[in-house]
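Welcome, and thanks for taking a look at this one. Please open the viewer beside the text, and follow the bullets in whatever order suits you.

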Amino acid sequence: MPQISEKIHELTVGQLSARSGAAVSALHFYESKGLIGSRRTAGNQRRYSRDTLRRVAFVRAAQRVGIPLATIRDALAELPEGRTPTREDWAHLSETWRSELDERIKQLSRLRDHLTDCIGCGCLSLETCVLSNPDDVFGEKQSGSRLMVERRPAAKQQREHCGKQQQEREPEGSC
């Protein structure tokens with residue numbers, strides 16, 4: 001990791017990128033989302049204060065554990081005077097985020113466990129599909145998937161036509 005002299009109090013975007021390990025495009029994105037800030041020189045170049053390194057490290061660590069950027073931004077905005085997060089701030093926020101992460105882990109575990117219940121063909125037309133219809137709300141009314149609703153008149157006419165053919169028991173594949 002490149003060292004930057006202690007005498008330098010502001011970093012260019014390239015220096016911040018090299019030191020933090022974040023791509024320049026990621027730093028620009030973080031700035032556009034209000035996660036970090038910079039000042040502009042007379043030549044319109046970005047300059048970041050040294051403490052931005054800690055903010056970037058904070059953002060990247062939170063992202064690694066699955067915290068959404070909007071949540072990270074809100075947490076940073078709560079710090080007094082936009083200061084850089086400390087070890088204590090991280091401890092407090094990580095405790096707050098823990099229950100949210102635990103809930104996501106439970107949801108992902110349920111999805112993983114139900115994955116084998118899917119027929120895997122992509123149509124999701126089982127009467128009870130735990131992936132597309134976990135509470136089987138629509139299954140009480142009719143069987144089949146209800147995720148895609150077509151609103152085009154031609155599609156509606158085609159469905160009505162096919163419905164009549166099915167009622168008249170026409171050969172499969174004609175619709």
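In this predicted model, helices α3 and α5 lie roughly parallel to each other, because their axes cross at roughly 20° and angles under 35 degrees count as roughly parallel. Helix α3 covers residues 52-64 and helix α5 covers residues 87-114, and their axes come within 12 Å. A second helix pair, α1 and α3, is oblique instead, with an angle of about 50° between the two.

**How α3 meets α5**

- The crossing in which α3 passes α5 is right-handed.
- On the α3 side, the residues that take part are F58, A61 and A62, and they meet W90, L93 and W97 of α5.
- Sorted by class, this contact holds six nonpolar residues, with no polar and no charged ones.
- As general background, the angle between the axes and the distance between the axes are what describe two packed helices.

**How α1 meets α3**

- The axes of α1 and α3 are 10 Å apart, and the helices pack at an angle of about 50°.
- That angle is neither under 35 degrees nor in the range 65 to 115, and α1 and α3 are therefore oblique to each other.
- Helix α1 passes α3 in a right-handed crossing.
- From α1, the residues L16, R19 and S20 meet T52, L53, V56 and R60 of α3.
- The classes here are mixed: three nonpolar, two polar and two charged residues make up the contact of α1 with α3.

**Two residues to look up in the helices**

- Is S17 buried or exposed? S17 is buried, because its relative accessible area is 14% and the cut-off for buried is under 20%.
- S17 sits in helix α1, which spans residues 13-20.
- Beyond its neighbours within four places in sequence, S17 touches A22, A23, V24 and L27.
- L101 belongs to helix α5.
- Setting aside neighbours within four places in sequence, the contacts of L101 are V65 and I67.
- From C-alpha to C-alpha, L101 and I67 are 8.1 Å apart in space, while 34 residues separate L101 and I67 in sequence.

**The sheet**

- In what order do the three strands lie in the sheet? The order is β1-β3-β2, in an open sheet with antiparallel pairing.
- The edge strands are β1 (10-11) and β2 (39-40), and each of these pairs on one side only.
- Strand β3, residues 46-49, runs antiparallel to β1 and is joined to β1 by two bridges.
- E10 has S49 of β3 standing opposite.
- On the other side, β2 and β3 also run antiparallel, again with two bridges between them.
- R40 has R46 as its bridge partner in β3.
- In general, strands of a sheet pair through backbone hydrogen bonds, either parallel or antiparallel.

**The turn between β2 and β3**

- The hairpin of β2 and β3 has five residues between the strands.
- Which residue of this hairpin takes a positive phi? That residue is N44, found in the loop between β2 and β3.
- The phi of N44 is near 65°, a positive value in a residue other than glycine.
- N44 counts as exposed, because its relative accessibility is 51% and the cut-off for exposed is over 50%.

**The chain as a whole**

- The protein chain has six helices and three strands.
- Read from the N terminus, its elements follow the order β-α-α-β-β-α-α-α-α.
- What percentage of the 175 residues of the protein chain count as buried? The figure is 21%, and S17 is one of the buried residues.
- Taking contacts in the protein chain between residues at least 6 apart in sequence, 44% join residues at least 24 apart.

Definitions and conventions
Residues are numbered from 1 along each chain as its sequence is written. This is a predicted model: local features need pLDDT of at least 70, side-chain atom pairs count only at pLDDT 80 or more; totals for chains, interfaces and linings use all residues. Side-chain values use heavy atoms; hydrogens and water are left out. Two strands pair if DSSP finds at least two bridges between them. Helices (H or I, at least four residues) and strands (E, at least two) are DSSP runs, numbered from the N terminus. Axes are lines fitted to C-alpha atoms, for helices over the stretch in contact, and angles run from 0 to 180 degrees between N-to-C directions. Angles under 35 degrees count as roughly parallel, over 145 as roughly antiparallel, 65 to 115 as roughly perpendicular and the rest as oblique. A crossing is left-handed if the near helix is turned anticlockwise from the far one by less than a right angle, and right-handed if clockwise. Contact means heavy atoms within 4.5 Å. Ala, Val, Leu, Ile, Met, Phe, Trp, Tyr, Cys and Pro count as nonpolar, Asp, Glu, Lys and Arg as charged, and the others, Gly among them, as polar. Buried means under 20% relative accessible area, exposed over 50%, partly exposed in between (1.4 Å probe, protein chains only).
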